[in-house]
Amino acid sequence: MAIPERMNKVSSRALAAEESRPWLFPDKNSRIKVIKRGRRPLQGTKLFVIMAISRSLGESIIRQPVIPAALQPNPIAMVRACFPQVSLQYIQQRVESLCEHNPMLGHRGCRLGNTYPEITQMQTRAILGAALELKKEGVETHPEIMVPLTGILYEFKEQENVIRTEAAKLFEELGDSIDFKVGTMIEIPRAALTADRIASSAEFFSFGTNDLTQMTFGYSRDDIASFLPVYLEKKILKVDPFQVLDQNGVGQLVRMATEKGRAIRPDLKCGICGEHGGEPSSVKFCHRVGLNYVSCSPFRVPIARLAAAQAAIEG
């Protein structure tokens, strides 16, 4: 397993929108694209609110509106600045109608991209467009576009089709192209169980062990603090499973999915991303099951490097 490092790659959870809510209107006839033109794109909730109101009004945003910095932390204020004809009451009603009771299992990840493919199209253009800009500057890049929260092969194939179709359009428009890969996050137990099927299309796997732990244990990451201290005190759990990878359960899903995926695609690159990627015993487990890399938050990189080196020496 390679020692973790920030590689010279344009790599992204391209389709995530993980921390956002789908503020989009379901009007298929007013699909829009938000294409960045030399400006840092709006992100997350801010972007979705503006896209939502655009859909509702049947308008198409080609350039992102210039928003005063003071308004940017407040999505509702941003919407009113962009669309003064929209009432505050209407915006609040729309926000309430999109509320989810269990958002971690709700409308996010590839589900959002499959429901509203213009999000996937926009992000594909952003990633590959940036890679082509670097190519012009003589910088070698290896873009990897990762589809999150895949549970069914056909979820992935639908997103892959959107990505490759939009990439072909972009390459034709710019008169240039670049090689790229499309892979997926394995963070749902069903995806691990059917990894051989998913590997028939996905070019790489990245195990999202935060969500995989949550869905395997049935523990909410946001609410585990209400009972974790008692579980640790009573030795029901030895450690916090969101800090140290559960090798007997979640780890076996990782092992199985890696084996099943490589049975179909022998050169399948596999790794993990999340806080487990910076925890020493978890990193060593990843080495033992044959993963190629671990990814973690920046402050954990030195620990991850040391653990990976130790794992390589220990064999």
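Modeller: Two strands count as paired if DSSP finds at least two bridges between them. Strands (E, at least two residues) and helices (H or I, at least four) are themselves DSSP runs, numbered from the N terminus. The model is predicted: local features need pLDDT of at least 70, side-chain atom pairs count only at pLDDT 80 or more, and totals for chains, interfaces and linings use all residues. Residues are numbered from 1 along each chain as its sequence is written, and side-chain values use heavy atoms, with hydrogens and water left out.

Colleague: Which residue in β3 stands opposite Met146?

Modeller: Gly183 in β3 is the residue opposite Met146. Strand β3 covers residues 181–186 and runs parallel to β2, with four bridges joining the two.

Colleague: And what unit do β2, α6 and β3 make?

Modeller: Together with helix α6 (residues 153–174), the two strands make a right-handed β-α-β unit. Right-handed means that, with the strands pointing away from the viewer, the path from the first strand over the helix to the second runs clockwise.

Colleague: Are the residues on the two sides of β2 buried or exposed?

Modeller: Glu144 and Met146 on one side of β2 (residues 144–147) are buried, as are Ile145 and Val147 on the other, and both faces are covered. Buried means under 20% relative accessible area, exposed over 50%, and partly exposed in between (1.4 Å probe, protein chains only).

Colleague: How many residues does the largest nonpolar core have?

Modeller: The largest core has 44 residues, and those with the most contacts inside it are Leu128, Phe171, Phe180, Phe205, Phe207 and Leu291. Helix α6 gives the largest share of this core, five residues. Such a core is a set of buried Ala, Val, Leu, Ile, Met, Phe, Trp, Tyr and Cys residues joined through side-chain atoms within 4.5 Å.

Colleague: What does Phe180 touch?

Modeller: Leaving out residues up to four places away in sequence, Phe180 touches several residues, including Leu128, Ile145, Arg164, Phe171 and Glu203. Contact here means heavy atoms within 4.5 Å.

Colleague: How many aromatic pairs does the structure hold?

Modeller: There are five aromatic pairs. In one of them, the ring centres of Phe171 and Phe180 are 6.2 Å apart and the planes lie at 65°, so this pair is edge-to-face. Rings of Phe, Tyr and Trp (its six-membered ring) pair if their centres lie within 6.5 Å; planes under 30 degrees apart count as stacked, over 60 as edge-to-face and the rest as tilted. Both Phe171 and Phe180 are buried.

Colleague: Why is the pair of Phe217 and Tyr219 stacked?

Modeller: Their planes are at 25°, with the ring centres 4.9 Å apart, so the pair is stacked. Phe217 is partly exposed at 27% relative accessible area, whereas Tyr219 is buried at 15%. Both belong to one aromatic cluster with Phe227 and Tyr231.

Colleague: Turning to charges, how many salt bridges does a search of the whole structure find?

Modeller: The search finds twelve salt bridges, each a side-chain nitrogen of Lys or Arg within 4 Å of a carboxyl oxygen of Asp or Glu. One of them joins Asp211 and Arg108 at 3.0 Å, N to O. Asp211 lies in helix α9 (residues 209–217) and Arg108 in the loop between α3 (88–97) and α4 (110–115), so the pair ties together parts 103 residues apart in sequence. Asp211 and Arg108 are both buried, and they are linked with Arg221 in a network of salt bridges.

Colleague: With which residue does Arg164 form a salt bridge?

Modeller: Its partner is Glu203, the closest N and O atoms being 2.9 Å apart. Arg164 is in helix α6 and Glu203 in the loop between α8 (195–198) and β4 (204–208), 39 residues apart. Arg164 is partly exposed at 31% relative accessible area, and Glu203 is partly exposed at 23%.
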